[in-house]
Structure formats: C-alpha cells, structure tokens
Amino acid sequence: MPVSPTLRLRLINLWPPFAGAGIRVRQVSSGPLAFETRMALRAWNRNYVGTHFGGSLYAMTDPFYMLILIRELGSGFTVWDKAATIRFRRPGRGTVVARFEIPRERIEEIRREVEQRGRAEPDFTAEVRDLQGE
C-alpha cells in the first residue's frame, strides 16, 4: 500500500529517536527530494554542560541522504548508510538546523557510477547550524 508523503513525514517525526530528542523533520522540496531537520535545546536533549547532546545532533543527520537516494534512484538500486563521522566544531546551543539535498546532477553521477562499476560510495557533508547560521 503506497504511503502519502504527508503520512510518511508524520511517521518520520514519530520515530522514537527523533521524537525522543525533540527533532522535527520537514520536507522542503518534492523534486529532487530535500529535508530540513530542526532541534530546540530542551532538558531531555542537553548534555552535562548544558549544550546539545552529541547523540541527538548525530541523530538529526543520520538517514536523510539515504532516504533521498532511495527515492531518487528508484527500486532498481539498493542504498545503504555504510559509515559516518561527526566533528563537533562548537557547542550546540538554542535551536539548531540541518538541511539535506542532493542536486539532480549528483544523483545522475551516482546512477552512472553504479551502472558502470556496479556500485558507488558517495560522500556527503551535513552541517548543523544555529539560527544565526553558525
């Protein structure tokens, strides 16, 4: 049974790792697909020193490039998250935001690489910023 984009987004927002950390997800484009995540600093997602807990920051970035590629490449492709790293440049305070999008040209490069080599392992960078863009 097909799931509407609205219902799919509601289900993503109810997923326990997101709901528990106070992460809100919204779809900001329908083609190519793009997402934005947002997390306010709350008592349940702060660490010992009062800034965003690193695990919550990581959770707000985890599945989105994979979800975009699954949709954009289609059913003939298997997409997995294989590895990730995080580098904390400064403490997260207040509301933080991350945006995830892959330009159509990059999606087509990935498609061609898979067709030529049988696989692709693209790298993407997500930046989590505060509302002032830092």
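This is a tutorial dialogue on reading helix H4, two pockets and an aromatic pair in a predicted model.

User: Where should I begin with helix H4, and how many of its residues are buried?

Analyst: A general idea helps here: an α-helix has 3.6 residues a turn, so residues three or four places apart point the same way. In this predicted model, helix H4 covers residues 64–73 and is mostly covered, with 7 of its 10 residues buried. The buried residues in H4 are Phe64, Tyr65, Met66, Ile68, Leu69, Glu72 and Leu73. Just after H4, Gly74 takes a positive phi of about 95 degrees.

User: How do I read the largest pocket, and which residues lie nearest its centre?

Analyst: The general idea is that rolling a probe the size of a water molecule over the atoms shows where empty space is left. Here the largest pocket has a volume of about 1,600 Å³, and its lining is made up of 42 residues, of which Tyr65, Thr85, Phe124, Thr125 and Ala126 lie nearest the centre. Two or more lining residues come from each of helix H3 (54–59), H4, helix H5 (104–117) and strand S4 (128–130), and H4 provides the largest share, 4 residues. Sorted by class, the lining holds 22 nonpolar, 6 polar and 14 charged residues.

User: What lines the second largest pocket?

Analyst: The second largest pocket has a volume of about 180 Å³, and its lining consists of Pro5, Arg8, Leu9, Ile12, Gln27, Leu33, Phe35, Leu67, Ile70 and Arg71. Helix H1 (5–14), strand S2 (33–39) and H4 each supply at least two of these residues, with H1 giving the most, 4 residues. By class, this lining has 7 nonpolar, 1 polar and 2 charged residues.

User: Tyr65 and Phe124 form an aromatic pair; is the pair stacked or edge-to-face?

Analyst: The way to read such a pair is by the angle between the ring planes, where under 30 degrees counts as stacked. A search of the whole structure finds 6 aromatic pairs. The pair of Tyr65 and Phe124 is stacked, at 4.7 Å centre to centre and with 15 degrees between the planes. This pair links distant parts of the chain, since Tyr65 is in helix H4 and Phe124 is in the loop between H5 and S4, 59 residues apart. Both residues also belong to one aromatic cluster, together with Trp15, Phe18, Phe35, Phe64 and Phe100.

User: Why does Tyr65 count as buried, and how does Phe124 count?

Analyst: The reading rests on relative accessible area, for which buried means under 20% and exposed means over 50%. Tyr65 counts as buried because its relative accessibility is 14%, whereas Phe124, at 29%, counts as partly exposed.

Conventions. Residues numbered from 1 in each chain as written. Predicted model: local features only at pLDDT ≥ 70, side-chain atom pairs only at ≥ 80, totals over all residues. Heavy atoms only, no water. Buried < 20%, exposed > 50% of the residue type's maximum accessible area, 1.4 Å probe, protein only. 1 Å grid on protein atoms, 1.4 Å probe; cavity = no way out; pocket = protein on both sides within 12 Å on 5 of 7 lines; lining within 4 Å. Points joined across faces, edges and corners; volume = space filled by probe spheres on them. Nonpolar A, V, L, I, M, F, W, Y, C, P; charged D, E, K, R; others polar. Phe/Tyr/Trp six-rings, centres within 6.5 Å; stacked < 30°, edge-to-face > 60°.
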